[in-house]
Amino acid sequence: MHTNRRVYGLFEECRILLVLCLWVAGFFGSQARAAEPPSAVLRCGIAKADITPTKPVQMAGYSSRKELSQGVHDPLSARVVAFECGGKRAVLVSLDNLGFYNDTAAQIRAALLERCKLEPSELLLCAIHTHSAPTLTLNAGKDHPNNVEYTKTLTTTIGDQIERALKSTKPVSVGARRGYSPVGMNRREKVVEPGTDGQSKESIRLGRNAYGPTDKEVLVMKIARADGTAIAAILDYACHSTSLGPGNMAVSGDILGLAEQFVEKNLGGGLTAPAFAGASGDIDPWFRVVPGFKTEAGWVPEPVLLSTMLGEEVMNVYRDIKDLSSSGPVRTAIATLDLPAQAAPQDPSEYTGPAKVTITAARIGDTAFIGFGCEMLHAVGLEIKHGSPFKHTFLITHCNGAAGYLAPADLYAQGGYEIQTSPFAAEAAARVVERAGAMLRELNKD
Ligand SMILES: [Zn+2]
């Protein structure tokens with residue numbers, strides 16, 4: 001699977017046409033806009049840019065992988081959806097990247113908020129958590145210069161795309177619907193081993209917990225222009241994009257990135273399909289590539305198989321979205337919570353930072369998006385979604401921060417990787433659930 005240059009060529013052609021149409025529409029439309037009741041009309045602009053690294057880079061996600069990347073398996077993109085209603089904006093950014101480690105969320109956000117004149121709550125800067133993308137860093141003293149250069153260029157590119165999306169907003173109607181996918185699997189595998197005292201000992205390792213719970217919900221939002229032309233399919237699913245595993249040295253969007261590409265290619269028409277990673281801290285793909293990448297003749301590569309399954313479900317759900325609404329409001333909120341810290345994480349990893357989580361919420365009509373600057377385990381996410389007053393709540397992780405694993409209290413007794421590396425104490429998740437619920441209820445008030 002390589003870049004389908006023909007699709008991108010068509011996209012460019014559509015873009016030129018779109019620019020022409022926008023110019024004509026803008027010329028004739030200014031009178032009509034002035035007469036619109038501003039609070040009632042929902043508007044949206046979409047933008048997308050290639051962010052595939054052009055030089056070898058350090059890839060994020062596995063501390064064991066020290067070498068620089070070797071080539072490109074499939075392209076990376078930045079996708080922007082900018083909503084506006086009555087002067088209030090909400091900008092969703094989906095990046096084909098691991099996340100904003102090395103304190104990059106604050107630095108990139110500050111640059112974008114200033115450049116694009118956005119309020120802090122109006123920007124949901126999110127990553128799909130692919131483990132085959134460049135490490136983001138602005139620390140020239142510590143990290144590879146190609147990564148620092150990449151991160152600076154990326155910040156400019158995201159700013160360009162946000163401006164492009166905000167400048168191209170037009171009246172839209174939106175609708176959401178849910179489907180289900182088995183692509184994600186609980187990864188907390190119980191292992192029973194004989195202890196030194198003769199008693200068997202239970203522990204949790206990163207593996208395959210085939211009977212363990214997951215969040216199978218696939219949420220899709222369809223965005224269409226007033227003439228019915230669909231311009232975006234937003235997808236949200238809880239699964240690590242790690243099917244390529246730590247042995248992979250090629251740049252890739254992995255499962256969520258490949259699902260975005262699958263949906264865009266097969267729905268066609270220049271439609272953009274930004275993905276968001278749900279609460280997938282303990283959810284891995286159903287399987288990974290065979291170590292060493294050796295496959296039998298006729299074997300469908302795992303990332304292709306799994307992303308296609310997910311992409312087909314997204315398309316099925318998308319095609320069933322019939323109930324579209326063109327009204328707002330657009331409302332946003334942001335809060336950073338100081339949470340109880342775990343006294344001594346057993347395995348403080350490079351991802352363990354201060355025990356703070358930023359929550360950013362946006363209401364678009366009768367649908368909610370709520371983003372968390374941490375890696376949330378699925379049970380916490382389910383509790384937030386179940387408690388939401390909205391019919392559809394797109395729960396997004398790796399959004400506006402990268403604070404580490406946020407796990408439900410009952411898993412602390414079991415331990416395992418997510419608990420050992422978490423900066424948070426057991427009671428932290430309940431505080432996040434409570435605050436997220438309060439923010440969603442506030443956004444839902446008439
Ligand atoms: Zn992860």
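**Figure 1. Overview of the predicted model and its secondary structure.** Helices (H or I, at least four residues) and strands (E, at least two) are taken as DSSP runs, numbered from the N terminus. In this predicted model, the protein has eight helices and 18 strands. Of its 446 residues, 50% are buried, and among contacts between residues at least 6 apart in sequence, 79% join residues at least 24 apart.

**Figure 2. Close-up of the open sheet of eight strands.** The strands follow the order β4-β3-β2-β1-β5-β9-β10-β11, and their pairing is mixed. At the edges stand β4 (123–127) and β11, each of which pairs on one side only, while the twist from one strand to the next averages 20°.

**Figure 3. Close-up of the pairing between β9 and β10.** Strand β9, residues 217–225, pairs with β10 in the antiparallel sense over six bridges. Within this view, Ile 223 stands opposite Ala 232 in β10.

**Figure 4. Close-up of helix α4 and its surroundings.** Helix α4 comprises the 14 residues 254–267, which at 1.5 Å a residue should span 20 Å, and this agrees with its end C-alpha atoms, which are 20 Å apart. Because 12 of its 14 residues are buried, α4 is largely enclosed by the rest of the structure; among the buried residues are Ile 255, Leu 258, Phe 262 and Leu 267. The buried residues of α4 pack against β10 (230–237), β11 (275–277), β12 (283–285) and α5 (302–319). The helix lies across β10 and β11, and runs at about 155° to β10. After α4 comes Gly 268, whose phi is positive, near 65°.

Terms used
Residues numbered from 1 in each chain as written. Predicted model: local features only at pLDDT ≥ 70, side-chain atom pairs only at ≥ 80, totals over all residues. Expected span 1.5 Å × (residues − 1). Buried ≥ 20, exposed ≤ 12 C-beta atoms within 10 Å, placed from the backbone. Contact = placed C-beta atoms within 7 Å. Pairing = 2+ DSSP bridges. Axes fitted to C-alpha atoms, helices over the stretch in contact; angles between N-to-C directions.
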